[in-house]
Amino acid sequence: MHVVMFADQHIESLGGAQVSMRLQRRFLERAGHTVTVVAPRMHRPVPGDPAYIDLRSTSATPDREYGFSWPGRRSDREVDAALARRPPIDIVHVQADFWGAFIGHRFAARHGLPVVHTMHNRADVGIEATVPVPGLVLRALNAWARTALRPALARRRAERGGDSLTDGRSDGWAYLRRLARLSDAVTAPSSHFARRLERHGAVPAAGSVDVIWNGIDDELLDAVSTQRVARRPGPPRFVWLGRMSPEKRLLPFLTAVAHSGIQAEVEIIGGGVQLRAARRLVERGWGEASIVFSGRLPYAETLARLADADAVVQTSIGFETQGMTVFEAASLGTPAVVSDPDVAAELGSGTWGVRDATVPALADALRRAAADITAGTTPAVDRDIAERFRQSSRTAAMVGVYERTIAQARR
């Protein structure tokens, strides 16, 4: 099977979706399939790879880490020419939310290929959290999608008869509905996100969304798991891991640590725009916990820190489409303090819930977790998660979606 994936960003760039796609590609190839990845060219040196089609792009960030490729006739010609030299394509897998999605759906429409679209982003929450005028941006985004996806919309209208693929709204869900209804299958990385997509009508013609978690490398999981040792003496050890941006709620977490009064070791892993504000908050010096900022760490080392921790803390609410960190921790046997009730429900066990979005509620959960850790009564994580989270099982599930979608398209 030849799978062509479309991404918003080059998969050698930084980001959770990029890590997931690199892993998916490797395990698909291990299973005997061919993978091509279409994405904007990076503006820093990266190793050459015959599986990559690097489109002309404009640097999108000051650090030149991310690029932007305009979806239009020029990118159409560029993709067509590059893929014409490769094996026949069986399926298009769109793993993009913006320009990569437009380019991928345009390509599939031109060539009559079936499309699986993995939704990675809650457009409504994500845009509201990252731009100053989200309503205006969403209106512009929906207008752009209507224009850029016109060829794909025309094909779907011809296939289905009538114009049921668009509506007059310009919010985040209208945007995701348009992408979903252009697709033959839609997957989501968690049950809670899949059900939310279905409630808002962001579904393919079949009417439902397949749940396929993003996974973890089998060998890496085994290696870190075998290195896990019994808890060492001392105060409870908490890890907070993620991008330091407002929607991740790092600053409320640090405030809650201070207000909780817990004597604990707290490690902050990651970076982002709120790093300086977080350091200033800690430098004020109140609270009993010791807090260390470790910066960005290699993935294997990050997993080792999660395995060594007594608990990981997840503080974003309503933003995560999966919440990889707590699943990685659970796979390694580490429980979690979880603020988002949807993520907690997905995990099923091994959590300390946070009753609401306030700092006092988070402080209370931290106190309960610290007490349980000290007493040796931490909640046990679901042992099945480690097996369900292996990339080999996630790849097998996705191949099943590919095969079903291809078979439906041939009928």
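This is a short talk on one predicted model, going from its sheet to its salt bridges and then to its surface.

I'll start with the sheet. Seven strands make up an open sheet, in the order β3-β2-β1-β6-β7-β8-β9, and the pairing is parallel. At the edges sit β3 and β9, each of which pairs on one side only.

Let me stay with β6, which covers residues 91-95. How many of its residues are buried? Five of five, so this strand is mostly covered, with buried taken as under 20% relative accessible area. The side chains point two ways: I91, H93 and Q95 go one way, V92 and V94 go the other, and all are buried.

Now the neighbours of β6. Strand β1, residues 2-7, runs parallel to β6 and is joined to it by five bridges. In that pairing, V3 is found opposite I91 of β6. Strand β7, residues 115-118, is also parallel to β6, with three bridges between them. Here H93 has V116 of β7 as its bridge partner. Going one step further along the sheet, β7 pairs with strand β8, residues 185-188, again in the parallel sense and over three bridges. If you want a residue to look for there, H117 stands opposite V186 in β8.

Next, the salt bridges. In general, side chains of opposite charge can pair when their charged atoms come close. In this model the count comes to 20 salt bridges. I'll go through three pairs and a network.

The pair to begin with is R44 and E65, whose closest N and O atoms are 2.8 Å apart. Which parts of the chain does this pair tie together? R44 is in the loop between β2 (34-40) and β3 (52-55), while E65 is in the loop between β4 (58-59) and β5 (67-68), so the bridge ties together parts that are 21 residues apart in sequence. As for cover, R44 is partly exposed at 32% relative accessibility, and E65 is buried, with a relative accessible area of 8%.

Then there is R404 with D210, a salt bridge of 2.8 Å from N to O. This one links distant parts of the chain, since R404 belongs to helix α17 (residues 391-410) and D210 to strand β9 (residues 210-211), 194 residues apart. You'll remember β9 as an edge strand of the sheet. R404 is partly exposed, at 33% relative accessible area.

The next pair is D356 and R355, which meet in a salt bridge of 3.8 Å, N to O. D356 counts as partly exposed at 32% relative accessibility, whereas R355 is exposed, with a relative accessible area of 58%. Beyond single pairs, there is a network: D76, D80, R106 and R110 are joined by salt bridges that share partners.

On to the surface. Where is there a positive patch? R56, R73, R74 and R77 form it. Of these, R77 is placed in helix α2, residues 73-84. R77 is exposed, because its relative accessible area is 55% and the cut-off for exposed is over 50%.

There is a nonpolar patch as well, formed by V133, L136 and V137, which together have about 230 Å² of accessible area. V137 lies in helix α5, residues 134-148. With a relative accessible area of 30%, V137 is partly exposed.

Two single residues remain. One is R249, in the loop between β10 (237-241) and α10 (250-260). What stands out in its backbone is a positive phi of about 65°, although R249 is not a glycine. R249 is buried or exposed, which of the two? At 15% relative accessibility, R249 counts as buried.

The other is A174, in helix α7, residues 172-181. A174 counts as buried too, at 3% relative accessibility. From A174 to T315 there are 141 residues along the chain, and their C-alpha atoms are separated by 28 Å.

To recap, we have an open sheet of seven strands with parallel pairing, a strand β6 in which five of five residues are buried, and a count of 20 salt bridges. On the surface, I showed a positive patch that includes R77 and a nonpolar patch that includes V137. That's the end of the talk.

Conventions: Residues are numbered from 1 along each chain as its sequence is written. This is a predicted model: local features need pLDDT of at least 70, side-chain atom pairs count only at pLDDT 80 or more; totals for chains, interfaces and linings use all residues. Side-chain values use heavy atoms; hydrogens and water are left out. Patches are made of residues with over 30% relative accessible area and no salt bridge: like charges are joined within 9 Å, nonpolar side chains (Val, Leu, Ile, Met, Phe, Trp, Tyr) within 5 Å. Accessible areas come from the Shrake-Rupley method with a 1.4 Å probe; for residues, only the protein chains shown count as cover. A salt bridge is a side-chain nitrogen of Lys or Arg within 4 Å of a carboxyl oxygen of Asp or Glu. Lys and Arg count as positive and Asp and Glu as negative; His and the chain ends are not counted. The place of a charge is taken as NZ of Lys, CZ of Arg, CG of Asp or CD of Glu. Helices (H or I, at least four residues) and strands (E, at least two) are DSSP runs, numbered from the N terminus. Buried means under 20% relative accessible area, exposed over 50%, partly exposed in between (1.4 Å probe, protein chains only). Two strands pair if DSSP finds at least two bridges between them.
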